[in-house]
Amino acid sequence: MTISSQQALSVLTIPAFKDNYLWLIHDGVHAAVVDPGEAKPVLAALKEHGLRLTAILLTHHHADHIGGVPELLQHYQVPVYGPRNESIATVTLPVGEGKHIDVPGLALRVSVLDVPGHTMGHIAYVRAPLDAEPTWLFCGDTLFAGGCGRLFEGTPAQMISSLGKLAALPDDTKVYCAHEYTLSNLRFARVVEPDNVALQERVKVETDKREHNLPTVPSTIAIEKATNPFLRYREPAIAQELVKAGKLDKIDTPLATFTALRLWKNDF
């Protein structure tokens with residue numbers, strides 16, 4: 001089945017707060033918003049593009065991802081999907097891994113993945129297209145361009161498992177993460193893996209985007225696997241760099257390497 005031209009889906013980037021991105025998936029008429037931490041920019045985008053909101057998708061409970069939901073519901077009475085293992089008052093349809101959602105108003109089906117680590121109940125939404133277009137991943141604060149989320153609630157082992165699920169998606173999957181952290185993440189990545197040529201090239205590309213006030217997101221799974229240290233923690237060179245920097249006593253298990261890597265990034 002091929003989506004007809006009038007139903008072809010697009011994703012609008014809506015900046016919010018200091019560095020958040022809210023994602024508006026639409027077909028030119030109807031729209032679903034992912035992680036609306038703030039309502040006003042969403043309402044403005046809906047008005048500007050002549051769209052009607054038909055659903056809200058939440059990845060986790062942090063305020064900068066859910067704070068705009070009550071105001072949006074004052075304007076649009078729509079279903080609110082969110083993680084089944086977190087307490088979010090506005091969620092009307094709790095979902096978890098294995099659930100497939102046919103998003104109201106759109107020719108859009110997403111599947112849900114449980115990706116704990118940043119928070120205990122964090123979920124991600126994956127859109128597998130009906131034609132040759134790439135898969136879309138809306139991953140909240142689990143995977144970032146060049147990095148991953150802090151472990152506020154979960155464990156390093158949980159985050160490794162969650163990132164592994166995301167890394168297993170097709171290489172051309174577009175990664176719609178929720179923050180513009182890319183240049184900061186890549187500065188850390190270059191310290192951790194200074195001889196990574198793909199990373200060096202990515203720094204140039206992403207720096208140029210920011211100098212022209214363009215978002216660095218979406219990324220792709222292929223780019224992340226080539227340059228993101230939190231997907232590359234099994235590389236011997238990264239473990240060696242951790243030991244060299246005094247962040248790891250000796251070359252140890254991949255879990256120890258990942259744990260040391262995340263702790264180093266926390267203070268970088």
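## Nonpolar cores

In this predicted model, the largest nonpolar core (buried Ala, Val, Leu, Ile, Met, Phe, Trp, Tyr and Cys residues joined through side-chain atoms within 4.5 Å) holds 54 residues, of which Y125, L137, F138, L143 and L166 touch the most other members. Helix 4, residues 156-167, gives the most to this core, with five residues, and apart from this core lies another of 25 residues, including L58, V69, L72 and Y76. Buried here means under 20% relative accessible area, with exposed over 50% and partly exposed in between (1.4 Å probe, protein chains only); helices (H or I, at least four residues) and strands (E, at least two) are DSSP runs numbered from the N terminus.

Residues are numbered from 1 along each chain as its sequence is written. Because the model is predicted, local features need pLDDT of at least 70 and side-chain atom pairs count only at pLDDT 80 or more, while totals for chains, interfaces and linings use all residues, and side-chain values use heavy atoms, with hydrogens and water left out.

## Aromatic pairs

Rings of Phe, Tyr and Trp (its six-membered ring) pair if their centres lie within 6.5 Å, with planes under 30 degrees apart counted as stacked, over 60 as edge-to-face and the rest as tilted; by this rule there are 11 aromatic pairs. The rings of W136 and F138, with centres 6.4 Å apart and planes at 90 degrees, form an edge-to-face pair, and both residues are buried.

The rings of F188 and F230 are stacked, because their centres are 6.2 Å apart and their planes lie at 20 degrees. F188 belongs to helix 5 (residues 182-192) and F230 to the loop between helix 7 (221-227) and helix 8 (236-244), so the pair ties together parts that are 42 residues apart in sequence. F188 and F230 are both buried, and together with Y233, F258, W264 and F268 they form one aromatic cluster.

## Annotated binding site

An unreviewed UniProt entry places the feature "binding site" at D64, H65, D141 and H179, in the numbering used here, with the feature name shortened and the annotation possibly inferred rather than shown by experiment. These residues span 116 residues in sequence, yet no two of their C-alpha atoms are more than 10.7 Å apart, so they gather at one spot.

H65 is found in helix 2 (residues 63-66) and counts as buried at 1% relative accessibility. D141 lies in the loop between strand 10 (136-140) and strand 11 (143-144) and is likewise buried, with a relative accessible area of 4%. Leaving aside neighbours within four places in sequence, D141 is in contact (heavy atoms within 4.5 Å) with residues including H60, H65, H118, H122 and H179.
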